[in-house]
Amino acid sequence: MTEVLGVSVGSSAVRMARPDLRLHTSGHRELDFQSDTVDAHWDRAEELAAESIGVVLSQNDGSQVEATGVAYRDQQQFGDIQQAMARQRLYNYRLVPEARAALAYLDASGEIGDFSTIALYDLGSSGLTVSVIDRASGNVLLAERTIDISGDDFDRLICDNQLAKQGVDPQNTLGVQEFTSRCRIAKEQLSTSGAVCLPGESGVILISRESFEALVTVPIEYSARLVRDVISRSPQHVDALFLIGGGARIPLVEAILRSWTGLPVVTPRDPEAVAAKGAALLATPVENPEPTVAAPAQALTGAPDWLSPEPVDRTATSKRKIRGAALVAGGLAVVAALGLALGYGGSEEPASAPTETADTVTGVPSTSSSAASTTTPDTTVTPPPATTEAAPAPAAPVETYEAPQYDEPAPAPAPAPAPAPLIPGLPQIQLPQIQLPPPPVFELPRF
């Protein structure tokens, strides 16, 4: 007997579902599921989901799972699930968006009715996702997610309320974890009970539904405001609002959303397992599930088009590299020819400039002139003699010319400036310096 498996990965639990088509008493087949839940509140949900799938596939109970569908929430979880499955060496599975999986189940179970465009209110442990889906095409027209409201926030509100009453020491980590776990159980029981009393080592949890609703009214109204905003921005008219996820079981959620949106509000059976059931309906076998070098694991696991990389044409890339190399070589040849032409320049006078011709073998220009010399009033310029013998062919087909390097002569010292003439208009005459003797000293006689 062959089966398919559907899995949804939440932050607090991993849910698995197997379709079971049984004959109803009326004679027609009724869609039913066998569901299992694995608590993942203190573990990484993606790793736990991969391990749980591996356990189910390894069971030898007479049934064989041929296809597995895993619902993912966003791109980050898409990659986390792939890595976790690869570590367990599991490759025969399909990844499907949670919104599309939910639509598949609602359509197959008939709970969607005649509505054509629906909005999904998915309140889970880690956050809230509001999506607008077109039933005909299955496309998500608009989606919004927030972590400002979540099932974990409701657990903390109950925990803080009860810790204040019980006097539990917050520094006792083990006690707080156990107490928070029981607060989550109390929240789930309040969906169907008017009051809950849960004794435990860290204290007794005693809370009524009225007290719980007073704690969560403000966050739920905030979520209703978000739903109304998403619906107002939808490109298509929304016909109904469907509540899924564990938070959909809270009666106050349905009441507030109905009064705030004015739309029909539907809560399907087992709202927290809707994504897992839809993933099972969308599960199909994967051809060649083992990863290879030519086919990456992302392509094998059914990654959506917007997550897959664009293909690269390596043949076109090689051709572009060859053409680029040819252009570079041609550019270097042109630069070499210009260097040769500039290295053997002639006279600046057009009439007396010698003509240059390039040797077809060596590529070195040769110079010829019709006159032996050209005389100007100041200088005489003699062109180099014409080349009469062919130069021998070098080893390389093209010879590059390097201009000789000359050392610049040291500048001559500047002459000392001549002293100004004593008489203007006459040349300066340098006189020898004569030292005169000191004047004589006369002494007058004394009388």
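The following questions and answers deal with a predicted model and its strand β11. Local features need pLDDT of at least 70 and side-chain atom pairs pLDDT 80 or more, while totals for chains, interfaces and linings use all residues. Residues are numbered from 1 along each chain as its sequence is written, and side-chain values use heavy atoms, with hydrogens and water left out.

User: How many helices and strands does the chain have?
Analyst: Helices (H or I, at least four residues) and strands (E, at least two) are DSSP runs, numbered from the N terminus. On that basis the chain has ten helices and 16 strands.

User: How many residues of strand β11 are buried?
Analyst: Buried means under 20% relative accessible area, with a 1.4 Å probe and protein chains only. For the chain of 447 residues, 34% count as buried. In β11, residues 240–244, the number is five of five.

User: Which residues of β11 point the other way from A240, F242 and I244?
Analyst: In a regular strand the side chains alternate between the two faces of the sheet. A240, F242 and I244 point one way from β11 and are buried. Pointing the other way, and also buried, are L241 and L243.

User: Which residue in β11 is the bridge partner of A119?
Analyst: Two strands pair if DSSP finds at least two bridges between them. Strand β6 (residues 117–123) runs parallel to β11, with five bridges. The partner of A119 in β11 is L241.

User: Which residue in β12 stands opposite F242?
Analyst: β12 (residues 265–266) is parallel to β11 and joined to β11 by two bridges. Opposite F242 stands V266.

Definitions and conventions: Buried means under 20% relative accessible area, exposed over 50%, partly exposed in between (1.4 Å probe, protein chains only).
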